[in-house]
Amino acid sequence: MMTTASDSCKDGASKSNDDGVCEVNDMLHNMSTADNKDGNDVSVISVCANCGKEGSDVNNTCNKCYMVKYCNAVCKKKHKKKHKKQCEEHVRLAAERRDDKLRQVTEELDDMLFKQPPRYEDCPICFLRIPTLNSGWRYMSCCGKVICSGCSHAPVYDNQGNKIDGGKCPFCRVVAPRSEKEAAEREKKRAEAGDPIAIYNQGSNYSLGLRGYPQDFTKAFELFHRAGELGNPKGYGTLGFCNMHGDGVEVNRHMAMLHYEMAAMMGDVTARYNLGIEEKNEGNMKRAMRHYMIAVGSGHSQSLNQINQLYKKGHATKDDYTKALRLYQEYLGEIKSDQRDKAAAANEEYRYYGENLDRFQFDR
């Protein structure tokens, strides 16, 4: 099940950061070259432009400019030559107004789209920035906290400084689930409580048929959309990928780009990268660069590689590439720690920077 763009806006735009996208989408959808659809009420004219007859039955409107009415088709035909110049001029002016509005709407959308997105929060234990790489953090279904890979891997101690055995949550000290079934039950309770990460995870389970869930794309898409409404950008980003590549739904590039944009504005670095790829493939190198640069600032290494490629091909300057390198180094400075390094060295699954292996990332 996929919604139309207008349905998507009606269902949840006011609840999340995609308000502007939906407002712009509705404005574009409702545009017309007709003046009476641009805000001027000219539909009250009830005098035939040819013979001067008045009355409510004078309702045969010029279907090009909507400026004049006739009492019948005969009068409309007779008056056509006299009205032609005025009609064409009105349509031209209306088209100019429409184009001006379109440019204004596009500029407003770009201002929102390329605004610096919110960053991931800090780890509630070590207070360092949570890495954007999926393997760099863990979601705890017991308390709903997101904990960095370093704190998740490190030993847990009690208030006496004694090491606690048994695999307890480093934040709430609840014993970790002993089975996939128990983990799924905990996640289900979190989802019922409105936890956007748990809701997204449930959507992934339905999408892939994991953890005892039947494969159900309709249910999965409902949960992805709900997760996005509640503030999890991955929900919208995943919907974008599914629409772009026909994963469980027919290919719909328009809806894919809309969902990618919603996710990117909410901070989903993979969606931002995918927007850059799409812009590059359309030949819009400057827009692609803007997406890649934002993604690099959030630690996306492939975006840095893309900027390097654009630099080598003459689509980016040396200053652009230097800036991208500086942004990436600044990001690494915020997330690196000895504890996280130890975790990554002990287990590849705790790697917290480098190549992104997100299955919803698309490379072309």
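Which residue forms a salt bridge with arginine 287, and how far apart are the closest N and O atoms? Select arginine 287 together with glutamate 279, and you will find that the two form a salt bridge whose closest N and O atoms are 3.2 Å apart, where a salt bridge is a side-chain nitrogen of Lys or Arg within 4 Å of a carboxyl oxygen of Asp or Glu.

Before going on, keep in mind that this is a predicted model, in which local features need pLDDT of at least 70 and side-chain atom pairs count only at pLDDT 80 or more, while totals for chains, interfaces and linings use all residues. Residues are numbered from 1 along each chain as its sequence is written, and side-chain values use heavy atoms, with hydrogens and water left out.

**Salt bridges**

Stay with the pair you have selected: glutamate 279 is buried, with a relative accessible area of 11%, whereas arginine 287 counts as partly exposed at 24%. Here buried means under 20% relative accessible area, exposed means over 50%, and partly exposed lies in between (1.4 Å probe, protein chains only). Side chains of opposite charge can pair when their charged atoms come close.

Next, select arginine 253 and glutamate 278, which form a salt bridge with their closest N and O atoms 3.5 Å apart. This pair links distant parts of the chain, since arginine 253 belongs to helix α10 (residues 253-265) and glutamate 278 to helix α11 (residues 269-281), 25 residues apart. Helices (H or I, at least four residues) and strands (E, at least two) are DSSP runs, numbered from the N terminus. Glutamate 278 is buried, with a relative accessible area of 4%, while arginine 253 is partly exposed at 35%.

Then move to lysine 336 and aspartate 341, whose side chains meet in a salt bridge of 3.5 Å, N to O. Lysine 336 is partly exposed at 35% relative accessible area, and aspartate 341 is partly exposed at 30%. To see a linked group, select Arg119, Asp122, Arg129 and Glu334, which form a network of salt bridges. By the rule given above, the count comes to 20 salt bridges.

**Helices α10 and α7**

Return to α10 and show the whole helix, of whose 13 residues 11 are buried, among them Met255, His259, Tyr260 and Glu261. The end C-alpha atoms of α10 are 18 Å apart, which agrees with the 18 Å that its 13 residues should span at 1.5 Å a residue, the expected span being 1.5 Å times one less than the number of residues.

Just outside this helix, select asparagine 252, which is found in the loop between α9 (233-245) and α10 and is partly exposed, with a relative accessible area of 31%. If you add cysteine 242, which is 10 residues apart from asparagine 252 along the chain, you will find their C-alpha atoms separated by 8.8 Å.

Now select helix α7 (residues 196-208), where the end C-alpha atoms are 18 Å apart, in agreement with the expected 18 Å for 13 residues. Because 11 of its 13 residues are buried, α7 is largely enclosed by the rest of the structure, and the buried residues include Tyr200, Asn201, Gln202 and Tyr206.

**A last stop on the surface**

Finally, select lysine 64, in the loop between β1 (60-61) and β2 (69-70), which counts as exposed at 58% relative accessibility.
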